[in-house]
Amino acid sequence: MAARCMLRPSTSGYVSLSLSFRRHPLSTAASTQYENILLGTPKPGVALTLFKELNNALKHLDDDNTVGAIVLTGSEKAFAAGADIKEMKNQTFSDVSNSNFIASWSSTIPCIRKPILSAVNGHALGGGCELALMTDIIYCSSTATFGQPEIKLGVIPGAGGSQRLTRIIGKSKAMDLILTGRNFSGIEAEKWGIAAKCFDSAQACVDGALDTAGRIAGLSRVAVRAAKEIVNKSQDLGIREGVEYERKVFHGLFGSRDQKIGMEAFVKKEKPQWAHE
Ligand code: CAA
């Protein structure tokens, strides 16, 4: 997918990555850090990057102890418009099958252990919609346009859309969208439980996501990681196994320093100073 990211390092422990398929004017001062990502500094503390190495950037942020949560966002016009149709159009079955096309980027994000929020403004179509669906929390604006239009290109969603969308909105609604390829709005995304919140403007959407990311980054990383893991397990396990899994992880947290810190701080009516251990 051709898109670009904005990296926003922050002292409050979260980072924002922004994607869009159109180019922003960039300073290339910091463009040497990644082979395929262009880094620029439109204002102090903000860096613009190209999307190609999103997975590498996410893996890097996952390993960075100063980062507690990640926000993925785009321009007001587009979050991401999907896989590059011009690049795909002459590919054969053998080409895509042998290269396991799409597998690498659609399998990396679900392995990131830190929370990823997406702030969706403008188009989130095909792989762009699937990218948002891979993240942990979706915020959008009322002007956002989601969709799985692949059927109109003679193919089907290839990065998990048919599975993730169906789990969220149910079979009938998912069939309605995937078989017709019609788009749906940010307002519908919130109404159907795809997005956690829908905002009136793109700026409010990004601000809302950054605010939530900041709140999450201020909590125990150990507990946040465990919470993300158990919620994700609910997508794979039956209720009984899921509840048992949750209990085991809950018990395991009593071996963490942050459990002692959090509960002692509550009793002493103090703010917890997390060790993230
Ligand atoms: N691939 C390649 N090029 C794309 C693209 C895509 N997915 N989306 C947009 N573009 C290109 C357009 O061809 C156009 O290029 P030119 O300037 O060279 O003509 C440029 O981006 C701007 O697009 P538009 O002129 O169409 O702009 P618009 O504002 O009228 O429409 C849009 C924007 C609604 C996103 C429209 O471009 C569109 O519908 N794009 C296709 C979306 C799509 O079908 N995505 C699914 C791809 S398949 C996939 O993702 C498979 C998977 O499951 C992983």
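I'll start at the ligand: one of its oxygen atoms sits 2.5 Å from a side-chain N or O atom of lysine 77. Before going on, note that this is a predicted model, and please take the distances in that spirit.

Two backbone contacts go with the lysine. Alanine 83 places a backbone N or O atom 2.9 Å from a ligand oxygen. Glycine 127 does likewise, with a backbone N or O atom at 2.8 Å from an oxygen of the ligand. As for cover, the ligand on its own has 980 Å² of accessible area, and the protein takes up 62% of that.

Now the shell. Which elements give two or more residues to the shell around the ligand? They are α2, residues 85–88, then β8, residues 123–125, and α5, residues 127–134. The largest share is that of α2, with three residues. In total, 21 residues surround the ligand, and the closest are Lys77, Ile85, Gly127, Glu130 and Glu150. Lysine 77 and glycine 127, then, are both on that list, and both have already come up for their polar contacts with ligand oxygens. Sorted by class, the shell holds ten nonpolar residues, six charged ones and five polar ones.

Next, a helix: α6, residues 161–169. What are the buried residues of α6? They are Gly161, Leu165 and Ile169. These residues span an arc of only 25° around the axis, so they lie on the same side of α6. The general background is that an α-helix has 3.6 residues a turn, so residues three or four places apart point the same way.

What do the buried residues of α6 pack against? Their partners are α5, α7, which covers 171–180, and β11, at 184–185. You will remember α5 from the ligand shell, where it is one of the elements giving two or more residues. After α6 comes glycine 170, with a positive phi near 90°.

Last, the chain as a whole. The protein chain has twelve helices and twelve strands. It runs to 277 residues, 44% of them buried. Taking contacts with a separation of 6 or more, 63% are between residues 24 or more positions apart. The exposed area of the protein chain is about 15000 Å², and 54% of that comes from carbon and sulfur atoms.

To go back to where I began: the polar contacts I described to ligand oxygens involve the side chain of lysine 77, the backbone of alanine 83 and the backbone of glycine 127. That is what I have for today.

How values were computed: Residues numbered from 1 in each chain as written. Predicted model: local features only at pLDDT ≥ 70, side-chain atom pairs only at ≥ 80, totals over all residues. Heavy atoms only, no water. Near = heavy atom within 4 Å. Polar contact = N/O pair within 3.5 Å; in protein donor to acceptor, adjacent residues only side chain to side chain. Areas by Shrake-Rupley, 256 points an atom, 1.4 Å probe, with all protein chains shown as cover. Helix = DSSP H or I, 4+ residues; strand = E, 2+ residues; numbered from the N terminus. Nonpolar A, V, L, I, M, F, W, Y, C, P; charged D, E, K, R; others polar. Buried < 20%, exposed > 50% of the residue type's maximum accessible area, 1.4 Å probe, protein only. Arc of directions from axis to C-beta. Contact = heavy atoms within 4.5 Å.
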